[in-house]
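Let's take a friendly look at the salt bridges of this structure and at where their partners sit.

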Amino acid sequence: MSVRELVVLGTASQVPTRHRNHNGYLLRWDGEGLLFDPGEGTQRQMLRAGVAAHDLNRICVTHFHGDHSLGLAGVIQRINLDRVPHPVTAHYPASGQHFFDRLRYATAYRETVQLIERPVAADGELDRSKPYVLEARRLSHPVESYGYRLVEPDARRMLPERLAAHGIAGPDVGRIQRLGELNGVTLDEVSERRPGQRFAFVMDTRLCDGVHALAEGVDMLVIESTFLDEDVQLALDHGHLTAGQAAEVALRAGVRHLVLTHFSQRYADPTEFERQARSAGYTGELTIAQDLSRVPLPKRR
């Protein structure tokens with residue numbers, strides 16, 4: 001059975017707290033698992049969330065600050081310890097290759113799994129497969145940072161009542177799908193376009209073109225909201241967003257489900273992030289991420 005959901009492993013920025021682990025997010029996309037920004041403690045959070053090393057197909061790191069990458073060493077070693085039977089692809093800023101190398105070989109272990117390194121050096125498409133296209137866009141942070149966007153190709157939804165009206169049934173349904181026309185009836189007459197689902201992951205950044213490009217038209221946007229709006233100058237100085245800014249991005253982009261995360265330790269009450277996001281005008285589905293929570297992607301359009 002296909003499952004598309006976000007498993008939140010950690011939501012803290014900079015340092016973990018009593019209730020928030022360092023960052024870590026697993027996107028389950030049917031039979032694949034994409035792990036984003038594994039901060040310190042991710043391996044243990046995976047265990048608590050019921051996520052196995054075998055579930056991982058990709059690791060996507062936005063940038064090499066510790067709260068987004070210190071868990072790489074443990075995750076990579078766990079992949080090898082558990083002898084994951086498939087290759088695992090790692091994406092990360094190319095400028096941080098030396099950090100990736102240090103984390104990959106932080107201690108001695110036996111390599112049993114093919115770890116494919118695919119560093120990101122520019123905006124654009126990173127990989128294309130039947131299930132989705134993975135893209136990256138440059139963000140604005142004191143160190144080089146990239147956000148990620150996953151796009152499922154559009155498909156066609158066959159309409160049984162129209163097929164029946166044109167006398168198309170059985171093997172002929174497959175024929176018109178392959179050929180685009182059958183006995184003078186076009187595919188458009190008996191089907192409709194089914195938009196593919198879209199997901200975006202935006203971490204440490206100021207407002208910039210990359211943020212808006214990643215968020216445009218996605219079904220789910222996972223985005224940092226490190227600060228509340230009254231601390232907007234702190235956000236700008238340190239390369240971050242506020243709750244209101246993140247919500248405005250989602251509103252402008254037509255995001256269906258907004259997930260706010262990466263909260264500063266200075267804030268104890270997460271409800272204020274929700275209040276400020278709503279005050280910014282966002283009326284779609286809204287989740288204030290909590291460690292070990294699961295957030296399903298919205299149903300297809």
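## Arg78 and Asp82

In this predicted model, Arg78 and Asp82 form a salt bridge whose closest N and O atoms are 3.0 Å apart. How open to the surroundings are the two partners? Arg78 is partly exposed, at 30% relative accessibility. Asp82 is partly exposed too, with a relative accessible area of 26%.

## Glu125 and Arg128

Another salt bridge links Glu125 with Arg128, and here the closest N and O atoms lie 2.8 Å from each other. Glu125 has a relative accessible area of 45%, so this residue counts as partly exposed. Arg128 reaches 56% relative accessibility and counts as exposed, because the cut-off for exposed is over 50%.

## Asp219 and Arg301

The side chains of Asp219 and Arg301 also meet in a salt bridge, at 3.6 Å from N to O. Asp219 belongs to the loop between helix 8 (209-215) and strand 15 (220-224), while Arg301 is in the segment after strand 18 (294-296), so the pair ties together parts that are 82 residues apart in sequence.

Which of these residues is buried, and which is partly exposed? Asp219 is buried, with a relative accessible area of 2%, whereas Arg301 is partly exposed at 46%.

## A shared network

Some salt bridges share partners, and in this way Arg4, Asp30, Glu152 and Arg300 are joined into one network. Over the whole structure, there are 20 salt bridges, among them the pair Arg78 and Asp82 described above.

Terms used. Residues numbered from 1 in each chain as written. Predicted model: local features only at pLDDT ≥ 70, side-chain atom pairs only at ≥ 80, totals over all residues. Heavy atoms only, no water. Salt bridge = Lys/Arg side-chain N within 4 Å of Asp/Glu carboxyl O. Buried < 20%, exposed > 50% of the residue type's maximum accessible area, 1.4 Å probe, protein only. Helix = DSSP H or I, 4+ residues; strand = E, 2+ residues; numbered from the N terminus.
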